[in-house]
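This briefing is meant to be read beside the sequence and the coordinates. Please keep both in view while working through the topics.

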Amino acid sequence: IGEKADQATMMWEFLIGFAAVKKLYRNQIIQVVNKLMQVPSWVAAWEARQELRAKVQELPEDLQAALGLQHEVIKNSLTPAALQSMSKVQVELHPDEVRRGMERERMVDAIREEDATNHGSLAAAAFANSHEADTSGGTPAAEHSEDFRALQEGVDAAMAIDDIAKLDSDGSAALNALRIGCIMCAGKEELMQREADNAHSVFAFIISFVRRRPDSVDRIAEVMNVLMASQSWSAMFDCAPLRESIQELPVEVQAALGMQHEKLLALVTPQALRLAKGGDVPDRLKTVAAKMQSIRAPPRSGTEKPPVPPPPAKDVWKEAKTPEGHAYYYNLRTRETTWERPAALGGPPAYKVGDEVEVWSNGKRVWGRGHVEAVNGSTVTANFVFPDGAPAKKELPASHRDIRRAVVVARQDWSSQEEEAYRRWFQSLAGGSQQAKPGNSVASFLLKSGVGRPALKQLWQVVNPGGKADLGFEDFASCCRLVAHCQALGPSSPLVMQAERPLRVKLREECLPKRPPALPKFS
């Protein structure tokens with residue numbers, strides 16, 4: 001930057017002129033000014049041009065005040081009213097937080113570039129609209145909205161990983177989405193609180209992923225550092241039975257996680273504890289905690305932390321699962337945790353002879369699938385087979401955590417009309433093969449539906465959360481079915497118009513398994 005100081009005067013004039021007419025780019029302008037004011041030759045160029053003072057004073061007072069915070073020489077150019085407004089500037093526009101914001105953006109850009117599946121998200125980019133681009137540089141309130149949306153998308157992506165196949169195919173993309181959300185919301189407790197109810201599912205995903213991919217521990221450590229620094233998420237961690245799951249991880253992984261927070265350190269094995277305290281981990285893991293601390297936003301008012309919302313007045317029980325798939329139950333008011341299903345959620349399950357069940361083996365650390373052979377009071381006897389084909393038999397209390405109803409994974413049920421139409425459209429797409437079509441071709445086809453781009457973006461996240469570059473018939477057919485449901489809701493539906501998480505949840509949980517009232521229409 002210093003080598004370009006001969007252009008500084010022209011650039012300062014450009015920036016002030018641009019700020020006067022492009023209000024939506026306010027934050028980007030402040031970032032640029034902040035960076036340039038760190039270079040002495042550019043500061044000198046500002047001081048040498050007195051006419052810049054008059055140009056600055058023509059800006060709105062709140063923008064003058066925000067710019068004045070970035071350096072003393074700009075402050076000396078402000079009107080008296082703007083000087084008085086400096087104490088009212090939002091914390092996000094203070095110099096240190098501006099620098100943190102730039103570092104957060106740099107980290108997010110690096111994640112998107114490193115994501116091996118990012119080429120698949122090029123199709124999703126077709127669903128971006130000009131409104132999204134325009135608001136990205138708006139007010140701090142708008143940026144908070146964007147930050148929270150990123151956190152929601154990351155949490156949803158993690159929660160959508162509910163089996164090993166999805167963990168292998170979409171887990172890395174889900175983790176990167178979660179990393180982006182955590183980076184953008186680091187230290188913003190008022191945003192983190194709003195997602196804390198999903199903490200148990202997210203923690204289970206994190207442990208499951210790092211067990212499957214221990215080489216990704218540096219990425220996992222980033223996420224855990226942010227989550228555990230959140231008062232609300234840390235409180236949820238207290239009632240999650242994760243000690244056993246964490247201690248089964250490789251000791252180096254345990255040590256890396258333990259270095260992120262004292263509560264994690266308290267759960268690791270003695271060997272991992274020694275590694276963590278001695279810093280005996282790879283170099284890339286030694287700097288994670290300091291790096292994440294450096295981007296953490298300060299409390300919104302002084303040093304005061306946002307209060308944790310009061311617990312519910314009545315007992316509210318929630319179900320969650322450990323990384324191994326064991327169901328457990330926690331009370332939102334008392335923070336009590338139990339393996340037995342409480343009466344409020346139906347009490348212990350009632351099995352009958354012939355029921356399909358899955359039984360956990362502590363020795364093999366896997367679930368076996370079989371059926372109930374006998375029921376004697378509250379005791380269940382089950383015959384089952386492990387994934388390696390070995391048969392087994394076990395007698396357990398019906399309420400025991402090691403027995404659960406078998407999960408039935410059904411193929412999507414297309415009607416004959418859907419099957420015929422979707423296959424015909426699928427084969428008409430350009431590129432690819434008979435088995436898979438390029439994501440960009442699918443995206444271009446979906447745009448012919450007349451459904452708004454924001455709604456199509458939510459649809460795409462449901463069907464292709466991992467950002468696959470090519471989509472098979474089943475994924476394409478799912479897209480078509482969800483388009484039909486969006487068309488049935490109508491363009492004036494609040495869900496479709498807002499195109500936020502509520503639409504995404506409805507499409508995934510209600511619409512995807514259900515045949516639409518009519519086939520979708522494409523121009």
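The points below cover a sheet, the cysteines, the salt bridges and two helices.

The model is predicted. It contains an open sheet of 5 strands with antiparallel pairing, and a search of the whole structure finds 0 disulfides, while the count of salt bridges comes to 41.

**The antiparallel sheet**

- The 5 strands of the open sheet follow the order 7-6-5-4-8, and their pairing is antiparallel.
- The edges are formed by strand 7 (391–397) and strand 8 (403–405), each of which pairs on one side only, and the twist from one strand to the next averages 40°.
- Strand 5 (residues 366–376) pairs with strand 6 (residues 379–385) in the antiparallel sense over 7 bridges; within strand 6, Ala-382 stands opposite Val-372, and Thr-381 stands opposite Ala-374.
- The hairpin formed by strand 5 and strand 6 has 2 residues between the strands, and Gly-377 in its turn has a positive phi of about 65°.
- Strand 6 also pairs with strand 7, in the antiparallel sense and over 7 bridges, and here the bridge partner of Ala-382 in strand 7 is Lys-394.
- A hairpin with 5 residues between the strands is formed by strand 6 and strand 7, and the turn contains Gly-389, whose positive phi is about 95°.

**Cysteines**

- The search of the whole structure returns 0 disulfides, and Cys-182 accordingly is in no disulfide, the nearest cysteine sulfur being that of Cys-185 at 7.8 Å.
- Why is there no bond from the sulfur of Cys-185 to the closest cysteine sulfur, in Cys-182? The two sulfur atoms are 7.8 Å apart, which is too far for a bond, because a disulfide requires a pair of cysteine sulfur atoms within 2.5 Å.
- Cys-182 is buried, with a relative accessible area of 1%, and Cys-185 likewise counts as buried, at 0% relative accessibility.

**A salt bridge between helix 28 and helix 11**

- The side chains of Arg-501 and Asp-156 meet in a salt bridge with an N to O distance of 3.0 Å.
- Arg-501 lies in helix 28 (residues 501–511) and Asp-156 lies in helix 11 (residues 140–159), so this pair ties together parts that are 345 residues apart in sequence.
- Both partners count as buried, Arg-501 at 16% relative accessibility and Asp-156 at 6%.
- Gln-152 lies in helix 11 as well, and at 14% relative accessibility Gln-152 counts as buried.
- Leaving aside residues up to four places away in sequence, Gln-152 touches Glu-195, Arg-501 and Arg-504.

**Other salt bridges and a network**

- Glu-244 and Arg-365 meet through their side chains in a salt bridge of 3.2 Å, N to O.
- This pair links distant parts of the chain, 121 residues apart, with Glu-244 in helix 17 (residues 243–247) and Arg-365 in the loop between strand 4 (356–361) and strand 5.
- Glu-244 counts as partly exposed at 36% relative accessibility, and Arg-365 counts as partly exposed at 27%.
- Lys-352 forms a salt bridge with Asp-355, and their closest N and O atoms are 3.2 Å apart; Lys-352 is exposed, with a relative accessible area of 56%, whereas Asp-355 counts as buried at 11% relative accessibility.
- One network, built from salt bridges that share partners, joins Arg-211, Glu-244, Glu-248, Glu-324, Arg-365, Arg-401 and Asp-402.

**Helix 2**

- How many of the 11 residues of helix 2 (residues 26–36) are buried? The number is 8, so helix 2 is largely enclosed by the rest of the structure.
- The buried residues of helix 2 are Arg-26, Asn-27, Ile-29, Ile-30, Gln-31, Val-33, Asn-34 and Leu-36.

Methods. Residues numbered from 1 in each chain as written. Predicted model: local features only at pLDDT ≥ 70, side-chain atom pairs only at ≥ 80, totals over all residues. Heavy atoms only, no water. Pairing = 2+ DSSP bridges. Helix = DSSP H or I, 4+ residues; strand = E, 2+ residues; numbered from the N terminus. Axes fitted to C-alpha atoms, helices over the stretch in contact; angles between N-to-C directions. Buried < 20%, exposed > 50% of the residue type's maximum accessible area, 1.4 Å probe, protein only. Salt bridge = Lys/Arg side-chain N within 4 Å of Asp/Glu carboxyl O. Contact = heavy atoms within 4.5 Å.
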